[in-house]
Amino acid sequence: MFRYHCLNPIAQVGLDEFTDRYAKTDNVNEADGILVRSAVMHDMEFAENLLAVARAGAGVNNIPLDVLAKKGVVVFNTPGANANGVKELVIAGMLLAARDIVGGINWVAENKENADIAKAAEKEKKKFAGTELQNKKLGIIGLGAIGVKVANAAKHLGMEVYGYDPYLSVDAAWNLSRDVKHVINVDEIYEKCDFITIHVPLLDSTKGMINQEAIAKMKDGVIILNLARDLLANEADVLEALKSGKIRKYVTDFPNPTTAGQPGCIVMPHIGASTEESEDNCAVMAVKEMMDYLENGNIRNSVNFPNCDMGICNQVSRIAIFHANIANMITKFTATFGDLGINVTDMVSKSKGENAYTMIDLDTATTPDMISKLTAIEGVYRVRKVK
Ligand code: MLT
C-alpha cells in the first residue's frame with residue numbers, strides 16, 4: 001500500500017486515478033508521495049520514507065529540487081497540462097492592455113445611477129479607446145508548451161509573431177506555426193516587438209531578465225506580459241519605465257506589493273491555470289506520473305532526475321539507484337552484483353545534469369545485503385527496492 005498526501009487541494013478527477021493500492025494520509029511524514037500546487041516546500045523537513053513529489057503545474061520554484069535530489073526523491077511536474085488555460089489568459093491580457101477595457105467597465109459601474117448613461121458613454125468612450133492586435137508584432141520569449149500555443153493563437157489573430165528559445169525542443173518545433181519568425185538573438189524581439197510575453201522557467205539565469213538594460217532596447221510604448229513568474233522581471237525597473245511611458249502596460253499574473261494597484265500595471269491573482277480543465281489535466285498527469293514511479297520506478301517529466309522507463313517489471317525484482325552523474329558508477333553496480341553471483345537481466349542508466357538514475361532488473365530477490373552494498377558506493381544517494 002502506498003500513501004499520498006496533498007499539500008494543496010488537488011482536483012478530484014486526478015485523485016480518482018489512484019487504485020486500491022493507495023491511501024490518502026493527513027500526515028505528510030508518512031507519505032510515499034506528496035502532491036502539491038503552490039505550497040512553498042523550501043523550509044520543510046522530509047521524512048526518510050518520502051519517494052516522490054508531484055507538482056500539479058509547470059513551475060517548480062516552490063520546491064527544493066536539489067535537496068530532494070540528494071535524498072533520492074523524484075520531483076515531477078506537468079508540462080503542457082495547463083498550457084491552454086495560460087495561453088487564453090495571455091490573449092486576454094493582450095486585449096486588456098491594448099484597450100482600457102477594465103477602465104471602461106469601471107466607468108459604467110460608477111455611473112450606474114445616471115439615467116442618461118448611454119449618452120454620457122458616447123461622450124466618455126474616447127478615454128478608453130486603444131489599439132488592435134492585428135498586424136502588431138508579438139515577441140515570445142520561451143517556446144515551450146505555453147509559448148507555442150500563444151504563438152499559434154496570435155498568428156490566428158493576425159499578429160506578426162517572433163519566437164525566441166535557444167532550447168527549442170523537437171516537439172515544440174513540430175507544433176509551432178511555420179509563420180512564426182524564429183529569432184536567434186533575443187535583442188531582435190526587444191527591438192522590434194509591440195508586445196513581449198515571457199514563458200521561461202524561473203532560474204538563476206532567467207531571474208530579472210526584463211530589467212533596465214533589456215527595457216532600454218525595447219520600442220517606446222511596448223506592452224510586456226509576464227504570466228510566468230514575477231521574479232523574471234525587475235519590477236522596480238518596469239515601474240520606472242511605465243512612469244516614463246517607455247512601457248505602456250505591464251500585465252502580470254503575480255500580485256506583489258511592488259506592482260499591485262500601480263498605474264500601468266494590470267495585475268491578476270495568479271489565475272493563468274485556474275480553469276477547471278487545467279486543474280483537472282494537471283491533477284491527472286501528476287497522479288499518473290507518481291503512480292508509474294511508485295509502482296514501477298519509471299520516471300517521466302521529472303525536473304531533478306532523467307526520464308527513464310523499463311515498463312512493468314516482469315522479472316523477480318527491480319532496484320532503482322539514485323546517484324551522482326560521475327565516472328565508473330555502472331561498473332561499480334555491476335561488480336557488486338557480480339561479486340554476489342547475481343545475474344542482472346536488464347538495466348537502464350540515464351543522467352540529467354549532476355544527477356543520474358539507474359534501474360536494474362534481477363532474476364533473483366533483492367536482499368538487505370545487496371541494498372547496503374550498493375548504498376555504500378560513493379556517489380550513491382539512495383537505493384530503492386521497487387519490486
Ligand atoms: C504553473 O506553474 O503551472 C502555473 O503558474 C500555474 C500554477 O502555478 O499552478
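A residue counts as buried under 20% relative accessible area, as exposed over 50%, and as partly exposed in between. The exercises below apply this scale, among other things, to a predicted model.

**Exercise 1. Classify K373 and describe its salt bridge with D369.**

Step 1. K373 has a relative accessible area of 39% and is therefore partly exposed.

Step 2. D369 has a relative accessibility of 36%, so this residue, too, counts as partly exposed.

Step 3. The two residues form a salt bridge in which the closest N and O atoms are 3.1 Å apart, and this lies within the 4 Å allowed between a side-chain nitrogen of Lys or Arg and a carboxyl oxygen of Asp or Glu.

Step 4. Both K373 and D369 belong to helix α13 (residues 368–375), where they are 4 residues apart, about one turn of the helix.

**Exercise 2. Set the salt bridge of K192 with E188 beside that of K217 with D187, and state where the partners of each pair lie.**

Step 1. The structure holds 13 salt bridges, and general chemistry offers the background: side chains of opposite charge can pair when their charged atoms come close.

Step 2. For K192 and E188 the N to O distance is 2.8 Å; the two residues are separated by about one helical turn because they stand 4 residues apart in helix α8.

Step 3. K192, at 34% relative accessibility, counts as partly exposed, and E188 is partly exposed with a relative accessible area of 27%.

Step 4. K217 and D187 also form a salt bridge, with the closest N and O atoms 3.2 Å apart.

Step 5. This pair links distant parts of the chain, since K217 lies in helix α9 (residues 212–217) and D187 in helix α8 (residues 186–192), 30 residues apart. K217 counts as partly exposed at 31% relative accessibility.

**Exercise 3. Work out the strand order of the open sheet, and explain why β2 and β5 each have one side without a neighbour.**

Step 1. The open sheet has 5 strands in the order β2-β1-β3-β4-β5, and the pairing is parallel.

Step 2. β2 (22–24) and β5 (74–76) stand at the edges with a single partner strand each, so one side of each is left without a neighbour in the sheet. From one strand to the next, the twist averages 20 degrees.

Step 3. Strand β1 (residues 2–6) pairs with β2 over 3 bridges in the parallel sense, R3 standing opposite A23 in β2. β1 also pairs with β3 in the parallel sense, again over 3 bridges, and here Y4 stands opposite G33 in β3.

Step 4. Between β3 and β4 there are 4 bridges, likewise parallel, and I34 stands opposite V53 in β4.

Step 5. Within β3, G33 and L35 point one way while I34 and V36 point the other way, and all are buried.

Step 6. Helix α11 (residues 276–296) lies across β1, β2, β3 (33–36), β4 (52–55) and β5, and runs at about 165 degrees to β4.

**Exercise 4. Describe the largest nonpolar core and identify the element that gives the most to this core.**

Step 1. The largest nonpolar core has 36 residues, and those with the most contacts inside it are F18, L35, Y293, F305 and Y357.

Step 2. Two or more residues each come from β1, β4, β5, α11, β13 (317–324) and β15 (355–362). The element that gives the most is α11, with 8 residues.

Step 3. Leaving aside residues up to four places away in sequence, F305 touches a set of residues including A69, V74, I299, F322, Y357 and Y381.

Step 4. A second, separate core of 30 residues includes A98, L133, A172 and V180.

**Exercise 5. Decide whether C282 is in a disulfide or in none, and characterise the backbone at N135 and N301.**

Step 1. The nearest cysteine sulfur to that of C282 belongs to C6 and is 14 Å away, whereas a disulfide needs two cysteine sulfur atoms within 2.5 Å. C282 is thus in no disulfide, and the count for the structure comes to 0 disulfides.

Step 2. C282 counts as buried at 3% relative accessibility, and C265 is buried with a relative accessible area of 13%.

Step 3. Most residues other than glycine have a negative phi. N135, however, has a positive phi of about 70 degrees; N135 is placed in the loop between α5 (117–124) and β6 (137–141) and is exposed, with a relative accessible area of 60%.

Step 4. N301 likewise has a positive phi, near 65 degrees, and is found in the loop between α11 and β13. At 22% relative accessibility, N301 counts as partly exposed.

Terms used
Residues are numbered from 1 along each chain as its sequence is written. This is a predicted model: local features need pLDDT of at least 70, side-chain atom pairs count only at pLDDT 80 or more; totals for chains, interfaces and linings use all residues. Side-chain values use heavy atoms; hydrogens and water are left out. Two strands pair if DSSP finds at least two bridges between them. Axes are lines fitted to C-alpha atoms, for helices over the stretch in contact, and angles run from 0 to 180 degrees between N-to-C directions. Contact means heavy atoms within 4.5 Å. Buried means under 20% relative accessible area, exposed over 50%, partly exposed in between (1.4 Å probe, protein chains only). A nonpolar core is a set of buried Ala, Val, Leu, Ile, Met, Phe, Trp, Tyr and Cys residues joined through side-chain atoms within 4.5 Å.
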